[in-house]
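Trainee: Before I use this model, can we go over how the labels on it are earned?
Mentor: Sure, let's set the values against the cut-offs.

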Amino acid sequence: MSQPHSSNDYPAVAGEDMQSSVVKPGLGKATTSGLPSRPAITTLLRKLAGVVGQQHVLTQRASREQYAKSTLPQGTTPLVILRPDSLLQVSRIMPLLSEAGLAWKAISRGKNWGYGDACASQDGAVILDLGRMNQIVEINEELGYAVIEAGVSQGQLYQELQRRKSALMMDVTGAGPDASIVGNVLQRGFGHTPYGDRSSKVSNYQYVTPDGKVLHTGFGKQFFEPDVAHVYPNGRGPNPQGMLQQSDLAVVTRMTVWLMPRPDEISGFAFRLQTPEQFQQAVNAVGQLRQRGTIDSVVHFANDLRTLSSRRELMAQFPGDEVLTASDRNSLRDQGKVAPWNALGGLYGTHQEVKAKRAAIRAAFRGISKPIFFSKRHLALTAWAVDHLPPINALKRLRHLQHTMTDVFDLLSGVPSKAHLEGAFFRHRPESGQVQDVGLVWFAPVVPMRGPDVSQLIEAIEPIANRYGFDLPVTVSPVVARAAVCVTNLSFDKNDDLKAKQAAACYREMKAVAESLGCPVYRSSSIEV
Ligand SMILES: Cc1cc2nc3c(=O)[nH]c(=O)nc-3n(C[C@H](O)[C@H](O)[C@H](O)COP(=O)(O)OP(=O)(O)OC[C@H]3O[C@@H](n4cnc5c(N)ncnc54)[C@H](O)[C@@H]3O)c2cc1C
């Protein structure tokens, strides 16, 4: 909880911290020479306190340092954090900030770990933390949507759907129950279900422009919201929805998120790919099945390191940050029972529909790999066997598999879970166990969904990562039918300055090489923010 404080202590704090400059890996010097004068800031803070309440204007050093935390050694330090709780407050704040000429940044829950965290791109900005605007305004069972404020978390919407015994399910990401939905959509983040391409499953953004105007996208209106605005994203003419994504042009206070009718049956499928040829054939096959609609969810192809990244007991055999040798990786694969590439996805529909999809997948993968299919019932049976039968070795191994498959099945079923955050601690686990205390840089280029293109990209970037001293967990996810996002990450001890500098240099080189292959990143990483 934030402590009430007096804005009078601000100038001393500013004198101490704000005239300094900070070097961030990958960025030049961000200086704060453009700040208004101290008396002007003191007056502004008083006005802002009049809008949001003194206790929601955070200027103390401790609060500002908290918001400066980043998965890089050094984030940017804000001038002040504002915590509005209503549209009216946001619409009053914005003109004040614009008049003062201050840089600002809105965050929904601020869990943008590895992609910029809760930090602005420069020191001395104003952070608008919308975490208190967390009303679930409406859940419409008939038309399948929820109207949510920016601060609603994945866990909160999930709990509300459970409480209402809703027939709808949401898409979830691996970022855990505390991450937002609105912030993730604005970043064009993605999940796992048929609604995994999240920014295409929303409408009717309510947003506040820098001069304080309240606007809506599509057919939405400020005082009259026809139902159609919730279910049809466009109005007539241009739709600013796309312009509000990855732009920081306005503060989005609310949006309509579409929810999926919970299908009669959800079946997971998984297959292992031992050779580069099998991998390429499987990418092609999934691309075709996605285009035809047989697979309508986001399939994830994970390399061995990604698949094992959250298996602490296995990774603990390799402390330190030396790049794993080929024999280390072979040994890990043997122990973890994984292949160089492992794919996983979900099938949704009636029993008959899922059965037909299974048959189509078996046919498409004949000669490539044998898919296995699993359901909630299979996982429950496995759990029973693990708990009730004598603990022979095979069952001990099954226990791990059962846990992993259950975590994965949660994602496929729209259940947010903290389990996947463990992947952030690949090769280095901070004592706190908090994601923001680890060094983490995502690098996520987009590639056409063709086997040779995907292989070419990975074969180009992985040696670069290795040369800079990083292993490269990789996931290839066809977020849309024709293209995949190739999510990779550099993980390190962020207290190791050299390693952090190497991560920045490595990121830049991988980015240049990927771009030369026609594969730009889909979303800025913390290094660039
Ligand atoms: C282990 C791990 C797994 C992850 N898995 C996934 C995953 O499966 N999919 C995925 O997409 N990401 C994933 N992430 C990345 C990230 O944590 C999530 O994308 C997370 O949802 C972002 O945090 P947030 O939702 O709190 O958004 P925020 O941090 O609140 O917002 C992100 C950015 O969006 C903009 N923004 C936010 N709110 C507003 C607003 N109201 N108005 C205007 N602009 C705004 C700002 O630029 C802000 O910096 C993962 C991270 C980790 C560490």
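**Helix H16 and the ligand shell**

Mentor: Keep in mind that this is a predicted model. To start, aspartate 496 caps the N-terminal end of H16, with a side-chain oxygen 3.2 Å from the backbone nitrogen of leucine 498.

Trainee: What makes that aspartate 496 pair with leucine 498 a polar contact?
Mentor: A polar contact needs N or O atoms within 3.5 Å, and this oxygen and nitrogen lie 3.2 Å apart.

Trainee: How do you know that the span of helix H16 agrees with its number of residues?
Mentor: Helix H16 has 20 residues (497-516), so at 1.5 Å a residue the expected span is 28 Å; the end C-alpha atoms are 29 Å apart, which agrees. After H16 comes glycine 518, with a positive phi near 85°.

Trainee: Which residues of H16 are called buried, and what do they pack against?
Mentor: Buried means under 20% relative accessible area; Lys499, Ala500, Ala503, Ala504, Cys506, Tyr507, Met510 and Ala514 are buried. The buried residues of H16 pack against strand S18 (439-443), helix H15 (451-467) and strand S21 (483-492).

Trainee: Where does S18 turn up again?
Mentor: Around the ligand: S18, strand S5 (104-107), helix H6 (182-186) and strand S12 (251-258) each supply at least two residues of the shell.

Trainee: What makes valine 252 a polar partner of the ligand?
Mentor: The cut-off is 3.5 Å, and a backbone N or O atom of valine 252 lies 2.7 Å from a ligand nitrogen. Of the 960 Å² that the ligand exposes when taken alone, the protein buries 94%.

Key: Residues are numbered from 1 along each chain as its sequence is written. This is a predicted model: local features need pLDDT of at least 70, side-chain atom pairs count only at pLDDT 80 or more; totals for chains, interfaces and linings use all residues. Side-chain values use heavy atoms; hydrogens and water are left out. Helices (H or I, at least four residues) and strands (E, at least two) are DSSP runs, numbered from the N terminus. The expected span of a helix is 1.5 Å times one less than its number of residues. Buried means under 20% relative accessible area, exposed over 50%, partly exposed in between (1.4 Å probe, protein chains only). Contact means heavy atoms within 4.5 Å. A polar contact is a pair of N or O atoms within 3.5 Å; within protein, one must be able to donate a hydrogen and the other to accept it, and residues adjacent in sequence count only if both atoms are side-chain atoms. Accessible areas come from the Shrake-Rupley method with a 1.4 Å probe; for residues, only the protein chains shown count as cover.
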